[in-house]
Amino acid sequence: MSQHPLNNHRTAVGRWSCLGPYYAMFPTDFAFQVIEEYSRPGDAVLDPFAGRASSVYAAAVTQREAVGIEINPVGWLYGHVKLKPASKQHVLARVEDIWKIAEVTKHPQLNRMPQFFRHCYSRQVLNYLLFSRDLLRWKERGVDATLMALILVNLHGKKDGSLSNQMRQGKAMSPDYSVNWWNEHDSLPPDIHPVDFLRDRIGWRYAKGTPEGALGKVYLGDSTKLGKALKKKVTAGQQKRFNLLFTSPPYREITDYYYDQWLRLWMLGGPAAATRTGKQWQGRFASKDAYRHLLTTVFQDCAEVLDDRATVYVRTDARDFTLNTTIQVLGQVFPQKELQVIERPFLKQTQTALFGDKEEKPGEMDLVLRPH
């Protein structure tokens with residue numbers, strides 16, 4: 001797939017489009033391609049399973065009005081921030097505000113953190129992270145949200161390029177596995193100054209400026225519930241009907257996005273352990289009935305806010321149950337639309353292979369529904 005001219009690191013749009021490593025994320029060029037092929041400037045675009053909001057972002061920066069819904073706060077924060085990042089000056093000032101406290105004060109939890117954290121971060125970095133975790137009001141303030149998103153991007157990854165000891169960037173490994181690996185390889189956390197490190201990363205992100213005029217918003221929450229709130233906005237004339245539904249629902253029994261992101265979720269106030277939430281829509285979608293119910297509920301709500309001539313573009317898994325269920329649900333919800341199926345075989349190593357699952361995967365499928 002050719003690179004979209006806006007989507008490269010020489011532009012502000014490109015610098016911010018790649019914000020946020022996320023497991024099983026949309027390729028950004030794919031998002032731009034679909035937006036430009038199936039919608040026009042001035043159209044409204046909806047993604048009820050937004051992830052890190054690549055679809056919403058691609059629409060918003062190309063003069064579409066875009067709305068996304070995402071249940072995972074890590075993905076939501078990435079999408080929320082890249083649509084409207086705070087000013088570089090204010091973000092750098094916030095970095096310094098936290099350092100003024102962390103420089104002279106030991107956080108009460110510093111010596112009580114689990115073994116993993118003492119192996120993962122230097123003492124100075126961990127102290128700074130603990131104060132940032134306490135002080136950043138990322139749900140409420142644009143500056144705090146921007147800084148927290150940039151911290152999450154660099155919270156773990158290659159030892160010479162992140163705040164952490166050696167770890168994959170896309171998802172955090174389990175604490176026991178990580179500690180054992182670090183011990184076996186005599187790997188110590190990097191001895192870096194958190195403020196110097198963040199200044200450097202912030203400088204790179206803002207070097208080309210920020211995206212201007214993006215007409216997009218991502219809501220944090222459950223799409224089976226927020227879809228109903230969106231219908232009320234359309235009915236009240238507060239939101240125009242959508243011309244393109246462009247999304248990729250979670251694939252059944254592929255991964256647990258909350259377990260994958262446990263360390264970043266800790267940074268956002270979650271538990272200091274790799275645990276599964278047990279909450280609805282926050283697991284691996286093991287139940288076939290629940291998975292079918294999720295798709296049916298969300299797509300039915302979406303159908304009620306789409307324009308009659310809208311296109312529906314859904315990327316899904318090529319495995320039999322997920323694919324067939326998605327096709328069946330879409331056919332039931334959009335009987336007046338004609339289905340086109342586009343095969344997308346994997347052309348390179350997948351993220352699951354990087355994390356040890358070497359079983360050959362059948363690829364992905366794009367389901368495009370348009371009016372007859």
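This briefing walks through the nonpolar cores, strands, salt bridges and a few single residues of the structure above. Keep in mind that the model is predicted. Its largest nonpolar core has 83 residues, its salt bridges come to 14, and its disulfides to zero. Have the 3D view open as you read, and try to find each residue as it comes up.

**The nonpolar cores**

- Start with the largest nonpolar core, where L77, Y121, F246 and L263 touch the most other members out of 83 residues.
- Helix α8, which covers residues 142-153, gives the most to this core, with nine residues.
- A separate core of 29 residues lies apart from the largest one, and V234, V314, V329 and L330 are among its members.
- F246 is a good residue to click on: leaving aside neighbours within four places in sequence, its contacts include F26, F30, A31, V34 and I35.
- Other contacts of F246, counted in the same way, are V45, L46, D47, S55 and Y313.

**Strand β2 and its partners**

- Is strand β2 mostly enclosed or mostly open? Five of its six residues are buried, so β2 is largely enclosed by the rest of the structure.
- On one pairing, strand β1 (residues 44-47) runs parallel to β2, and four bridges join them.
- You can find this pairing by looking for V45, which stands opposite A66 in β2.
- To get from β1 to β2, the chain passes through helix α3 (residues 54-60), and this β-α-β crossover is right-handed.
- Strand β3 (residues 216-220) also runs parallel to β2, with five bridges between the two.
- Here the residues to look for are G68 and V218, the latter being the bridge partner in β3.
- As a general point to keep in mind while looking at strands, side chains in a regular strand alternate between the two faces of the sheet.

**N72, just after β2**

- N72 sits in the loop that runs between β2 (65-70) and α4 (73-83).
- Although it is in a loop, N72 has a relative accessible area of 1%. A residue under 20% is called buried, so N72 counts as buried.
- Apart from neighbours within four places in sequence, N72 is in contact with Y22, L220, Y257, Y258 and L265.

**Salt bridges between α11 and the α14 region**

- Side chains of opposite charge can pair when their charged atoms come close.
- K228 and D301 form one such salt bridge, and their closest N and O atoms are 3.4 Å apart.
- This pair links distant parts of the chain: K228 belongs to helix α11 (residues 223-235) and D301 to helix α14 (residues 288-303), 73 residues apart.
- The two partners differ in exposure, since K228 is partly exposed at 39% relative accessibility, while D301 is buried at 8%.
- E304 and K231 also meet in a salt bridge, at 3.5 Å from N to O.
- E304 is in the loop between α14 and β5 (306-317) and K231 is in helix α11, so this pair ties together parts that are 73 residues apart in sequence.
- E304 is partly exposed, with a relative accessible area of 46%, whereas K231 is buried, at 18%.
- Which residues are linked in a network of salt bridges? They are K228, K231, D301 and E304.

**More about D301**

- Beyond its neighbours within four places in sequence, D301 is in contact with S223, T224, G227, K228 and K231.
- D301 and D222 are 79 residues apart in sequence, and their C-alpha atoms are 12 Å apart in space.

**A salt bridge within one helix**

- D289 and R292 meet through their side chains in a salt bridge of 3.6 Å, N to O.
- These two residues are three places apart in helix α14, so about one helical turn separates them.
- D289 counts as exposed at 59% relative accessibility, and R292 as partly exposed at 30%.

**Two cysteines to find**

- The structure holds zero disulfides, but you can still look for its cysteines C18 and C302.
- C18 is partly exposed, at 28% relative accessibility, while C302 is buried, at 4%.

Key: Residues numbered from 1 in each chain as written. Predicted model: local features only at pLDDT ≥ 70, side-chain atom pairs only at ≥ 80, totals over all residues. Heavy atoms only, no water. Core = buried A, V, L, I, M, F, W, Y, C linked by side-chain atoms within 4.5 Å. Buried < 20%, exposed > 50% of the residue type's maximum accessible area, 1.4 Å probe, protein only. Contact = heavy atoms within 4.5 Å. Disulfide = S-S within 2.5 Å. Salt bridge = Lys/Arg side-chain N within 4 Å of Asp/Glu carboxyl O. Pairing = 2+ DSSP bridges. Right-handed = clockwise from strand over helix to strand, strands pointing away.
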